[in-house]
Amino acid sequence: MDKIQLLPDTVANLIAAGEVVQRPASVIKELVENAVDAGATQIDVLVIDAGRTSIQVVDNGIGMSVTDARLAFERHATSKIRKADDLFSLNTMGFRGEALPSIASVAQVTLKTRQADDTLGVALRIDGGRFVSQEPIACSQGCHFIVENIFYNVPVRRRFLKSNATELNNIVTAFQRIALVYPKIGFTLQSNSQKLFDLRPVTLHQRIMDVFGKKLNQHLLPLDVETTLGKIEGFVGKPESAHKKGVQQYFFVNGRYMRHPYFQKAVTEAYERLVPQGEQVPFFIYFTVNPKDIDVNIHPTKTEIKFQDEQALWQILSAAVREAVGRFSNIPAIDFDTEGRPEIPVFDGMESIDMPSITVNPQYNPFRGTSGSGSSDVREHRQSVPSDWSALYEGASSMPPVEETEIQSSIFNDDLFGDADDEMPSSKTEATVSDVSACFQYKGSYILTSVPQGLMIVDQERAHERILFERYEASMASGKHTSQPLLFPEKIQFSVAEMVMLPVIIPQLESLGFDFSDLGGGTYAINAVPGELSSINAAKVVTQTVAAAEDTELSDAKLYTSLAATMARNSAIPHGQVLSEEEMRNIVRDLFLCSNSNYTPSGKKIHAILRHDSLLQMLG
């Protein structure tokens, strides 16, 4: 009996939807790209409940006829290509013919469309891949897609959608990737009757400013190079614009967003030794190459692209970025602060310079006074010095000797530099500063103190990060905090993507002791900070905290841990800061009162032990 059979179209579309439609942002990406291919000059996107309830994409493109509208929802039906050779000369965003049938198989879709020469348009209704109705309708030119109740027939997929804030953030990201490529097209994005973007047709540079704010303008350097292999243009950030989180980095090729770690490495290496380790600069780089030299048919999302001359383009990109950064670095700065500085004369090669001469006075005697001989002055000097040297220190307070006491030996291991798998003892005893041995600082980064096994080396920044992390986490859990008002409130400007997260993030930050005022237009004023952050750049801490929370699921308790870890990392004592002995002993004491004194929240080791017997062995 034969067992192999063809799957029904509804089942095949449902399977394909697993790759094409991953979340509401995928629907918007596919529909907006189709609108771009249709020649639209204005594209409007409206979402309700981050796309869970409804997604609408309206464009003024060429529209579709009645036959094309019905056929567009069939699998592998497309107007972009006709034969296999067309895959190697693509000039459109889409070409697979999988997007519409995949979307229609997992949602309830309504399409209203009309061509310019038609009097009436057509309205189609498809539920879960099954055709429901078709009727003529009066509508404007172009296409109007309404996608409702996404994943209503795949409850497992719908249940695993993230919170509305996270899904909306993904929608904003997908929207930005398309808007940055087509500055001549007008775009709007509206969420629950709130307009997030209203982008008018402008230049490429202005579109970047409209999307990410004008504050980015002062940090961008132009990039433009053209060779026989293609053209590379766009903008790269100045070294001082580097950040660890929330950096805008975009690659585009022939009007299509792409991810390319190999090209990203070329940009990163160009900034080697110019930015701190672990930080990255923003960039917006656009490639224009022959469509025959790239392959976009790698994955249904079309973000992975293969280049025929990848290595050569890497070298061109690296040289172009280095040249852009070099031109910026070679511009001399005008220094107007010259008051009080010594005047350095300009060297004149024609002016004769006399050889300096040295004169010696053989009669000079430093012990000779004005009223007697030198010998008598020497004798008087000798008599003024007390014979009892201890009299010089009479009245001086003597410091009591520091007694070295043992820190719990159970927290240390028997290896040369400690064991990464050691666990802290289950019970912690209260300690005071005097319980910690004398501490010394090495190169402004490490604290050295003695322990029974030898010499303990503590990374001061990581230790303080662990201490602050547990302190912030406990403060958020208990709701108790102290605030320090700022004499001059700090203003901070958030991007649209960050503003999506603010309704959830700001209450959590306020639970730590921050106080914010909404000034409108994405601008907030920081009026107060937690007491322990009074000397820290509050704006930087808040910006990086919001950036780190963008990838965090906000509906569970993990947000507290993420916020506490980010704030601790940005507030910890940095390497290079000189500490007093009391401060060092406080850090060591507080570290070993933590629930985990071995590792930072990100898993980096905090301390190590140089064993006494190993030290003796090294010294022979």
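This passage walks through the confidence, the nonpolar cores, a surface patch and two loop residues of one protein chain.

The structure is a predicted model, so a look at its confidence comes first. The mean pLDDT of the protein chain is 78, and 74% of the residues reach 70 or more. Strand β1, covering residues 42-48, does best, with a mean of 95. At the other end of the scale sits helix α10 (residues 374-384), where confidence is lowest, at a mean of 49. Two stretches have pLDDT under 50 throughout. One is residues 372-378, for which the model has 7 contacts beyond four places in sequence. The other is residues 399-433, with 74 such contacts in the model. Where pLDDT is low, the predicted coordinates should not be read in detail.

Turning to the inside of the chain, the largest nonpolar core holds 95 residues. Within this core, Phe-187 and Ile-208 are the residues that touch the most other members. Helix α12, made of residues 496-512, gives the most to the core, putting in 9 residues. Apart from this core there is another one, of 31 residues, and Tyr-271, Val-275, Leu-313 and Trp-314 are among them.

Phe-187 is worth a closer look. Once its neighbours within four places in sequence are set aside, Phe-187 still has a good list of partners, including Val-32, Gln-42 and Ile-43. Further along the chain, Phe-187 is in contact with Phe-175, Ile-178, Ala-179 and Tyr-182, and also with Phe-197, Asp-198, Leu-199, Arg-200 and Arg-207. Phe-187 itself falls in strand β7, which spans residues 186-191.

On the outside, Leu-615, Met-618 and Leu-619 make a nonpolar surface patch of about 330 Å². Met-618 belongs to helix α16, which runs over residues 612-618. Its relative accessible area is 57%, so Met-618 counts as exposed; the cut-off for that label is over 50%.

Two asparagines stand out for their backbone angles. Asn-192 has a phi near 50°, a positive value in a residue other than glycine. Asn-192 lies in the loop between β7 (186-191) and β8 (194-199), and counts as partly exposed because its relative accessibility is 43%. Asn-254 also has a positive phi, near 50°. Its place is the loop between β11 (249-253) and β12 (256-258). With a relative accessibility of 28%, Asn-254 is partly exposed.

Note on methods. Residues are numbered from 1 along each chain as its sequence is written. This is a predicted model: local features need pLDDT of at least 70, side-chain atom pairs count only at pLDDT 80 or more; totals for chains, interfaces and linings use all residues. Side-chain values use heavy atoms; hydrogens and water are left out. Helices (H or I, at least four residues) and strands (E, at least two) are DSSP runs, numbered from the N terminus. Buried means under 20% relative accessible area, exposed over 50%, partly exposed in between (1.4 Å probe, protein chains only). A nonpolar core is a set of buried Ala, Val, Leu, Ile, Met, Phe, Trp, Tyr and Cys residues joined through side-chain atoms within 4.5 Å. Contact means heavy atoms within 4.5 Å. Patches are made of residues with over 30% relative accessible area and no salt bridge: like charges are joined within 9 Å, nonpolar side chains (Val, Leu, Ile, Met, Phe, Trp, Tyr) within 5 Å. Accessible areas come from the Shrake-Rupley method with a 1.4 Å probe; for residues, only the protein chains shown count as cover. A salt bridge is a side-chain nitrogen of Lys or Arg within 4 Å of a carboxyl oxygen of Asp or Glu. pLDDT is the predictor's confidence in each residue, from 0 to 100.
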